[in-house]
Amino acid sequence: MSGPVEHAEGTGRAASEGGAGRPPSRRPVVAGLMLAMALAAMDSTIISTAVPQIVGDLGGFSVFSWLFSGYLLAVTVTLPVYGKLADTYGRKPVLVGGIAIFLVGSLLCAGAWDMASLIAFRVLQGLGGGAIQGTVQTVAADLYGLKERGRIQAALSSVWAASSVAGPLGGGLLAEYADWRWIFLINLPIGLLAVLLISRHLRESVARYQQDRHRVDWPGALGLFLSGGMLIVALVDGGSARLWLLAGSAVFGALTVWIERRAAEPIIPGWVWRRRVIVAVNLALGALGVIIIAPTVFLPTYAQAVLGLGPVEAGFVLSAMTLSWPISAAFSNRAYLRIGFRDTAAIGMAAATAVLVALVMLPYAGPAWQPALVMLLLGGALGFFQLPLIVGVQSTVPWRERATATSSVLFCRQVGQSVGAAVFGAVANATLADRLPGGAPETVSAALNAHPTDLLRHAIAAAVTHVYVGAALAAALALVILLTVTPRRFPVLADAKGATE
């Protein structure tokens, strides 16, 4: 077989493990990783169906969106920091510490006394979730060689898929038949089991990688937190302060660059921005973040208001994407081992572009199976796109740089989601304002809670169509990045044993 993998000497299981055979500690560690990933994945969806009960108990309807935005903010701005910490001190303390922070946040959320306290504790959860999201995928890459790495990453993707379906259902059941506070308490046994498995079975030898290490650049971490936080707040829910937040983000961003250029061990090292593969993948995954916001945020409203589906049926239309995503990701392993990471990802994004264009062309108020089928195809295309790029980046760096590289990719995808939410929200609101008399979001919400008129249904359909046109353009941009900026062959390194034994 010819292809880019032939240039990586020592790839495969033996090289990644330091010898033949399967170490007995690997399966329990993977189980712990999947449980930890389930925490972060399910927590982003399980709360959605319990919002009415939470608001009814605590009040604060005007700010409840920060239950999601605050968590997203904390996860995004901490990803690069945790990546650097994992490369400096090892994956195990960062992952176990992140799970512990997440569980403390969950316990406090269950005891929240008003909406402000619940939002604050959700931010604390996000501080732990940032450690979980980046470090889990890094440990998986440490444990498996190149030929098996796609399989384990696909398994982790399946956790996200299952959580996207089970989360809303579980949240609704707990809110209706128990109490919404159990949504957070249920995290405790899952997280404790994950900590037990990872603590007992994940072994690292980090000391030999720390000989030339300097102290962590905490001023740079603070600057990154402030600049990234202001940017995301401005994009997600800036309101009248958006310009001030963007200006503050620019100022702190410039200050962070100045600090990082002078730091001995910067949080985001200069090589992240100098290596063509990482820069290109960061840009492509940023575009992916923009793309996935379109179905996640706008499809349920379209399904309910235009197609007349109930909340549960609308959720299943969206879940079709998450069901096909991990399946195609698992099959992408065979493709990128033969034709390379870039070409496999390009096939996936070309298919995604075509699917999004097809979605724009769906007839008004057609049968529900049509958008469900399109979502199924879109998930398959995006799974074929994302996984090869993540595995490809992880395979181009040594152990001591892998967490930083992985976190930079995930950080760009998260920022892309924030940008997509802001841009597509503005597009949808502008369309509604143009087509409806007094088309403010409050007017639309009130009409949806009653019975949407034919005029409103057409306006929402037009708004969602414009959003998907934007998503198709983002997909085309990602494809251009792959074909023009991304090298056809990734400089894959030999899979050394690394620090995980």
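**Exercise 1.** In which kind of crossing, left-handed or right-handed, does α15 pass α19? Also classify the relative direction of the two helices.

Solution. The model is predicted.
Step 1. Helix α19 covers residues 454-484, and its axis lies 9 Å from that of α15.
Step 2. The packing angle of α15 and α19 is about 160°. An angle over 145 degrees counts as roughly antiparallel, so α15 and α19 are roughly antiparallel to each other.
Step 3. The crossing in which α15 passes α19 is left-handed.

**Exercise 2.** Locate A345 and decide whether A345 is buried or exposed.

Solution.
Step 1. A345 belongs to helix α15, which runs over residues 341-360.
Step 2. The relative accessible area of A345 is 0%. Buried means under 20%, so A345 is buried.
Step 3. A345 and L389 are 44 residues apart along the chain, and their C-alpha atoms are separated by 6.8 Å.

**Exercise 3.** Test whether the length of helix α11 agrees with the span expected from its number of residues. Then describe where its buried residues lie.

Solution.
Step 1. Helix α11 consists of 21 residues, 242-262. At 1.5 Å a residue, α11 should span 30 Å. The expected span is 1.5 Å times one less than the number of residues.
Step 2. The C-alpha atoms at the ends of α11 are 30 Å apart, which agrees with the expected span.
Step 3. The buried residues in α11 are L245, G248, S249, T256, I259 and E260. Viewed down the axis of α11, the buried residues fall within an arc of 105°, so they line one face of the helix.
Step 4. A general rule helps here: an α-helix has 3.6 residues a turn, so residues three or four places apart point the same way.
Step 5. L243, V251, R261 and R262 are exposed, on the other side of α11.

**Exercise 4.** Describe how α5 packs with α6, and list the residue classes in their contact.

Solution.
Step 1. α5 spans residues 91-110 and α6 spans residues 115-143. Their axes are 7 Å apart, at an angle of about 155°.
Step 2. With that angle, α5 and α6 are therefore roughly antiparallel to each other.
Step 3. The handedness of the crossing of α5 and α6 is left-handed.
Step 4. The contact of α5 with α6 includes 16 nonpolar, eight polar and three charged residues.

**Exercise 5.** Work out the relative direction of α13 and α16.

Solution.
Step 1. Helix α13 holds residues 276-305, and helix α16 holds residues 369-394.
Step 2. The axes of α13 and α16 come within 11 Å and cross at roughly 155°. α13 and α16 are therefore roughly antiparallel to each other.
Step 3. α13 and α16 make a left-handed crossing.

**Exercise 6.** Classify S199, L58 and L202 by accessibility, and give a C-alpha distance for each.

Solution.
Step 1. S199 sits in helix α9, residues 187-201. With a relative accessible area of 32%, S199 is partly exposed. The C-alpha atom of S199 is 9.2 Å from that of G32, although the two are 167 residues apart along the chain.
Step 2. L58 is part of helix α3, residues 51-58. The relative accessibility of L58 is 15%, so L58 counts as buried. L58 and S117 are 59 residues apart along the chain, with 9.8 Å between their C-alpha atoms.
Step 3. L202 is in the loop between α9 and α10. Its relative accessibility is 2%, so L202 counts as buried. From C-alpha to C-alpha, L202 and L143 are 9.6 Å apart, with a sequence separation of 59 residues.

How values were computed. Residues are numbered from 1 along each chain as its sequence is written. This is a predicted model: local features need pLDDT of at least 70, side-chain atom pairs count only at pLDDT 80 or more; totals for chains, interfaces and linings use all residues. Side-chain values use heavy atoms; hydrogens and water are left out. Helices (H or I, at least four residues) and strands (E, at least two) are DSSP runs, numbered from the N terminus. Buried means under 20% relative accessible area, exposed over 50%, partly exposed in between (1.4 Å probe, protein chains only). The arc is that of the directions from the helix axis to the C-beta atoms. Axes are lines fitted to C-alpha atoms, for helices over the stretch in contact, and angles run from 0 to 180 degrees between N-to-C directions. Angles under 35 degrees count as roughly parallel, over 145 as roughly antiparallel, 65 to 115 as roughly perpendicular and the rest as oblique. A crossing is left-handed if the near helix is turned anticlockwise from the far one by less than a right angle, and right-handed if clockwise. Ala, Val, Leu, Ile, Met, Phe, Trp, Tyr, Cys and Pro count as nonpolar, Asp, Glu, Lys and Arg as charged, and the others, Gly among them, as polar.
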